[in-house]
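Colleague: I'd like a close look at one part of this model, the surroundings of one buried polar pair. Could you walk me through that spot and then work outwards from there?

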Amino acid sequence: MLLISTLDPIITLVAILAVLVIAISIILRKFNQTYIIGYILVGVILGEHGLNTVKDAESIHLLGELGVILLLFFIGMEINLVDFLKRWKLAVIGTLSQIAISVGLVLLIGYYYNWNIARSIVLGFVIALSSSAVVIKLLQDKNLIDTKIGKNVLSILLAQDVALVPLLLIISQLGEKSESIESILLMSIGAILIIAILGYIYVKGTIFLPFSKKIYRDHELQVFMAIFLCFGCALATSLFGISAALGAFVGGMIINAAKATHWIHDTLHSFRILFVSFFFISVGLQIDLTFIYENLWAISLTILIVYVTNHLLNSLILRVFSCTWKEALLGGALLAQIGELSFLLSSTAFGLGIIENFGYNFTISLISLTLVVSPFWIALTEKFVKPRSKKNN
């Protein structure tokens, strides 16, 4: 009886989550919208500012972090390193331009409103990163992963994910929390090891996994080997003070080079769907509807500025790198929202006192709403560019 009473709240919560996700997703699917919106809405409904059903939001947030790790592992599996390096100029220049212009724009706004420089830089970093989780899901839904625009957008996203580590280091310095020599040395060693692994993959082209033939014939071993390769690589990088998600991404690239993506994809795909949904539900749990209502004009205006700026900037970058205007505009729309990794940047800045309660709530609301708006913005862009492509044909 004690065990049943202990499990009962968990069973109830899981059942409610499942029912709400199914109901909302069915409705959204009729309007050709991604399930991601449904996950966020479920979080809003069940959160502190909705029905207040979820009492342990931290656990769902932790499950969501597992989803981000799995997502980046799958991204890595879809990336051929040789092909990716052919686009290094687009990835590096696109990412650096996005960060520099975003920071510059916020510094100008901050100067007008008398913000301190540290806060402006952090907010610039926040709006510069796009959402790998949203964009990858949309690229998959629209069968764009293997197209030219899909690969170009993906290269920019991956460069942004890699840029997260130096951005976090800069924020820690802005908060006057200097990293110890030991931490910097450890991160440097980890970065060198990652570069060495990627260099080995680039030179060899194809690598061989031990016991691969035996694993291929045993489904149970496949499950645990896939989990080990994903979370083992994530653990390895985290031990060096580097993002666990980056480690999972490198692990995925190793799998791609080992030509073992088929059975690992089949093994972990259901886990990815489950844990990625928890990530977006945890995003919804953080949304304060009262705060949004009280600051609706400021938030709406900021969202519009973010979308227009990010869309135009990324479209120009993609156009410069041999995309047609149609492809560039669609790619700019895909990259226009603020990404889930920006939650980490804002929470780090909040912990260091760079931004206060209002700034943190504003940032969380802004990121969350851009994730919700993203599919609609992309749909509007598609309606704008598709008729033109038909006339040209």
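Modeller: Sure. Residues 24 or more positions apart account for 80% of the contacts in the protein chain with a separation of 6 or more. Keep in mind that this is a predicted model. The protein chain has 18 helices and 0 strands, and 48% of its 393 residues count as buried. Its accessible surface comes to about 20100 Å², with 69% of that belonging to carbon and sulfur atoms.

Now to the pair itself, Gln 98 and Asn 314. Gln 98 sits in helix α5, residues 88-112, while Asn 314 belongs to helix α15, residues 296-320. The side chains of these two residues make a polar contact of 2.8 Å. How buried are they? Gln 98 has a relative accessible area of 1%, so it counts as buried. Asn 314 is at 0% relative accessibility, so it is buried as well.

Asn 314 has another polar partner: its side chain reaches the backbone oxygen of Asn 310 at 2.8 Å. Both Asn 310 and Asn 314 are among the buried residues of α15. Here the helix geometry is worth recalling: an α-helix has 3.6 residues a turn, so residues three or four places apart point the same way.

What else does each of the two touch, once neighbours within four places in sequence are left aside? For Gln 98, the contacts are Ile 127, Ala 128, Gln 160, Asn 310, Leu 313 and Asn 314. For Asn 314, the contacts are Gln 98, Gly 332 and Leu 335. Asn 310 therefore turns up twice, as a contact of Gln 98 and as the residue whose backbone oxygen the Asn 314 side chain reaches.

Let's follow α15 a bit further. The helix has 25 residues and reaches 36 Å from its first C-alpha to its last, close to the 36 Å expected at 1.5 Å a residue. Besides the two asparagines, its buried residues include Ile 299, Ile 303, Val 306, Tyr 307, His 311 and Leu 313. Following the helix comes Ser 322, whose phi is positive, near 70°.

Two of the contacts of Gln 98, Ile 127 and Ala 128, take us to helix α6, residues 117-128. Of the 12 residues of α6, 10 are buried, so the helix is largely enclosed by the rest of the structure. Ile 127 and Ala 128 are both on that buried list, along with residues including Ile 121, Leu 123 and Phe 125. From first C-alpha to last, α6 reaches 17 Å, close to the 16 Å expected at 1.5 Å a residue. The N-terminal end of α6 is capped by Asn 116, with a side-chain oxygen 3.2 Å from the backbone nitrogen of Ala 118.

Helix α2, residues 35-46, makes a good companion to α6. Its end C-alpha atoms are 17 Å apart, and its 12 residues should span 16 Å at 1.5 Å a residue, which agrees. In α2, 9 of the 12 residues are buried, so this helix too is largely enclosed by the rest of the structure. Among the buried ones are Ile 36, Gly 38, Tyr 39 and Gly 43.

Next, helix α8, where Ile 156 lies. At 0% relative accessibility, Ile 156 counts as buried. Not counting neighbours within four places in sequence, its contacts are Leu 90, Ala 91, Thr 95, Leu 318 and Leu 335. Leu 335 is also touched by Asn 314, and Leu 318 is one of the buried residues of α15. Trp 88 is 68 residues away from Ile 156 in sequence, with the two C-alpha atoms 8.8 Å apart in space.

Finally, the empty space. α8 and α12 each supply at least two residues of the lining of the largest cavity, which holds about 70 Å³ of space. Its lining includes Leu 158, Asp 161, Val 162, Leu 246 and Phe 249. The second largest pocket has a volume of about 770 Å³. Of the 29 residues that line this pocket, Val 162, Ala 163, Ile 195, Leu 198 and Leu 246 are the closest to its centre. α5, the helix of Gln 98, is among those that supply at least two residues of the pocket lining, but the largest share, 8 residues, comes from α8. Val 162 and Leu 246 also line the largest cavity.

Methods:
Residues are numbered from 1 along each chain as its sequence is written. Side-chain values use heavy atoms; hydrogens and water are left out. Helices (H or I, at least four residues) and strands (E, at least two) are DSSP runs, numbered from the N terminus. Buried means under 20% relative accessible area, exposed over 50%, partly exposed in between (1.4 Å probe, protein chains only). Contact means heavy atoms within 4.5 Å. Accessible areas come from the Shrake-Rupley method with a 1.4 Å probe; for residues, only the protein chains shown count as cover. A polar contact is a pair of N or O atoms within 3.5 Å; within protein, one must be able to donate a hydrogen and the other to accept it, and residues adjacent in sequence count only if both atoms are side-chain atoms. The expected span of a helix is 1.5 Å times one less than its number of residues. On a 1 Å grid over the protein atoms alone, a cavity is a set of points where a 1.4 Å probe fits but cannot get out, and a pocket is an open set with protein on both sides within 12 Å along at least five of seven lines; lining residues have an atom within 4 Å of a point. Grid points are joined across faces, edges and corners, and a volume is the space filled by probe spheres set on the points.
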